[in-house]
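I opened this entry to record what I looked up, in the order I looked it up. The helix packing comes before the overall picture.

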Amino acid sequence: MSNKNTNCWRNRAVRKEAFLYYCELGKDRTTKAVAEKFGYAVRTVNEWRRVDNWDQQVLDTVEKDPVKQKAKYRGLIAQLVYQAAEDIQAGNIKVTTVDELEKLTKLDMLLAGGCTDRVASDQKVDFSVKCTENTEKQ
């Protein structure tokens, strides 16, 4: 094993940077691409991938991204709403209470970034204009 490959095991920063690059490659990611970019053997990068559990880290990173989570849940809800609409038309299910409909609507609006509740305010705003008389004589 070369000196470079031996030292890379001790250099956590190189492995972390290599992992970040691996993530950036998206769906077409390969350890060969990482090895070429960082100048290490593919076998070494494969070992980093295994030891540092890159595949699970990629999944965890995707799951922790709120934008991706929101899109994922909205997609699931859209599928459920579509299926529910078909089932309602077929007479298989019914929304039986206003509460059920309200909850579904609020959940969809919340995930879409909309407001889900109306907020009342007791504050009054005075729109009157105060005028001062011109006391100067012309």
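**Entry 1: a helix pair.** I started with helix α2 (residues 12-24) and helix α4 (residues 42-51), which pack at an angle of about 90°. I read their axes as 11 Å apart. The model is predicted, so I take these as values of a model. Which class does the angle fall in? Angles of 65 to 115 degrees count as roughly perpendicular, and α2 and α4 are therefore roughly perpendicular to each other.

Next I listed the residues that meet. From α2 I noted Val14, Arg15, Ala18 and Tyr22. Their partners in α4 are Trp48, Arg49 and Val51. I sorted the residues of this contact by type: five are nonpolar, two are charged and none is polar.

**Entry 2: the core.** I then looked up the largest nonpolar core and found 12 residues in it. Val14, Ala18, Phe19 and Tyr22 belong to this core, and so do Val34, Ala35 and Phe38. I completed the list with Tyr40, Val45, Trp48, Trp54 and Val58. Which elements give two or more residues to this core? I found α2, α3, α4 and α5 (54-64). Helix α2 gives the most, with four residues. I added one background remark: in soluble globular proteins, nonpolar side chains tend to be buried together.

**Entry 3: two core residues.** I picked Val34, in helix α3 (residues 31-38). Is Val34 buried or exposed? Its relative accessibility is 0%, so I count Val34 as buried. I set aside residues up to four places away in sequence and looked at what Val34 touches. The list is Ala18, Tyr21, Tyr22, Leu25, Val45 and Trp54. For Tyr22 I also checked the backbone: its C-alpha atom lies 6.3 Å from that of Val34, and the two residues are 12 apart along the chain.

I went back to Val14, again leaving aside neighbours within four places in sequence. Val14 is in contact with Tyr40 and Trp48. Trp48 was already on my list for the α2 and α4 contact.

**Entry 4: the whole chain.** I closed with chain totals. I counted seven helices and zero strands. From the N terminus on, the elements run α-α-α-α-α-α-α. The protein chain has 138 residues, and buried residues make up 15% of them. I noted an exposed area of about 11700 Å². Carbon and sulfur atoms supply 54% of that area. I last took contacts between residues at least 6 apart in sequence: 48% of these join residues at least 24 apart.

Definitions and conventions: Residues are numbered from 1 along each chain as its sequence is written. This is a predicted model: local features need pLDDT of at least 70, side-chain atom pairs count only at pLDDT 80 or more; totals for chains, interfaces and linings use all residues. Side-chain values use heavy atoms; hydrogens and water are left out. Axes are lines fitted to C-alpha atoms, for helices over the stretch in contact, and angles run from 0 to 180 degrees between N-to-C directions. Angles under 35 degrees count as roughly parallel, over 145 as roughly antiparallel, 65 to 115 as roughly perpendicular and the rest as oblique. Contact means heavy atoms within 4.5 Å. Ala, Val, Leu, Ile, Met, Phe, Trp, Tyr, Cys and Pro count as nonpolar, Asp, Glu, Lys and Arg as charged, and the others, Gly among them, as polar. Buried means under 20% relative accessible area, exposed over 50%, partly exposed in between (1.4 Å probe, protein chains only). Accessible areas come from the Shrake-Rupley method with a 1.4 Å probe; for residues, only the protein chains shown count as cover. A nonpolar core is a set of buried Ala, Val, Leu, Ile, Met, Phe, Trp, Tyr and Cys residues joined through side-chain atoms within 4.5 Å.
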